[in-house]
Amino acid sequence: MRAAVIYESMFGNTELIARAIGKGIGAEGAEVHLVDVREHEAYELTTYDVVVVGAPTHALTLSRPSSRRKAVEDGADPSHVQWGVREWLATLRPGARLPKVAVFDTKVRSMRLLPGSAAKAAARLLEQTGHEVVGRPTSFYVTAAKGPLADGEEDRAREWGAAIASELAHERLTEHQARPEQAQG
């Protein structure tokens with residue numbers, strides 16, 4: 001199995017979660033490529049079995065250039081301002097199929113009770129263009145906008161990645177086992 005983990009990260013927390021998810025997927029025997037969303041064009045995504053997309057939650061949704069500028073004012077890398085997951089998703093055409101997609105975000109722990117989520121927004125955009133989102137959009141928590149990650153979140157991300165890989169491997173095995181029966185029928 002081949003997996004790409006595409007992420008947007010302003011302060012490094014979403015990247016840490018993306019790396020942990022990649023480790024979890026890789027622990028299940030998959031080949032994993034981590035991709036900063038700003039470098040997405042270097043990869044042919046249709047060659048992957050699953051693409052995992054992650055972004056920080058800004059103002060209860062996916063970041064925008066204005067919210068990224070605010071993050072830069074607060075110390076984030078200025079090279080992140082113009083391009084994020086929202087812009088990348090806008091480049092996806094309905095006819096250009098991605099493999100199965102899983103989505104995650106990072107958000108401040110105090111936002112746990114608030115309904116906003118970059119992952120849920122990304123899942124909606126993906127589904128609106130006909131892409132198959134697997135699993136539930138998942139949030140991982142930071143203690144403040146700049147971080148650090150809340151205790152245990154990297155471990156939880158590794159487990160989530162492993163679960164995605166395991167579920168897809170099981171699904172592929174089931175499909176493979178069903179094919180001989182169909183040929184006999």
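Start by selecting N13, which lies in helix 1 (helices are DSSP runs of H or I with at least four residues, strands are runs of E with at least two, both numbered from the N terminus). You're in a predicted model, where local features need pLDDT of at least 70 and side-chain atom pairs count only at pLDDT 80 or more, while totals for chains, interfaces and linings use all residues. Residues are numbered from 1 along each chain as its sequence is written, and side-chain values use heavy atoms, leaving out hydrogens and water.

N13 is buried, at 8% relative accessible area (buried means under 20%, with a 1.4 Å probe and protein chains only). Now add K146: its backbone oxygen is 3.0 Å from the side chain of N13. Then show the residues N13 touches, skipping those up to four places away in sequence; among them are T106, V142 and P148 (contact is heavy atoms within 4.5 Å).

Next, grab the sheet. It's an open one with 5 parallel strands, ordered 2-1-3-4-5 (two strands pair if DSSP finds at least two bridges between them). At the edges, pairing on one side only, sit strand 2 (31-36) and strand 5 (138-142). From one strand to the next, the twist averages 20°.

Put helix 1 (residues 13-27) back on: it packs on the sheet, touching strands 1 to 5, and its direction makes about 170° with that of strand 1 (axes are lines fitted to C-alpha atoms, for helices over the stretch in contact, with angles from 0 to 180 degrees between N-to-C directions).

Last stop, helix 4 (residues 118-128): this one also packs on the sheet, against strand 3, strand 4 and strand 5, at about 155° to strand 4.

Conventions:
Buried means under 20% relative accessible area, exposed over 50%, partly exposed in between (1.4 Å probe, protein chains only). A polar contact is a pair of N or O atoms within 3.5 Å; within protein, one must be able to donate a hydrogen and the other to accept it, and residues adjacent in sequence count only if both atoms are side-chain atoms.
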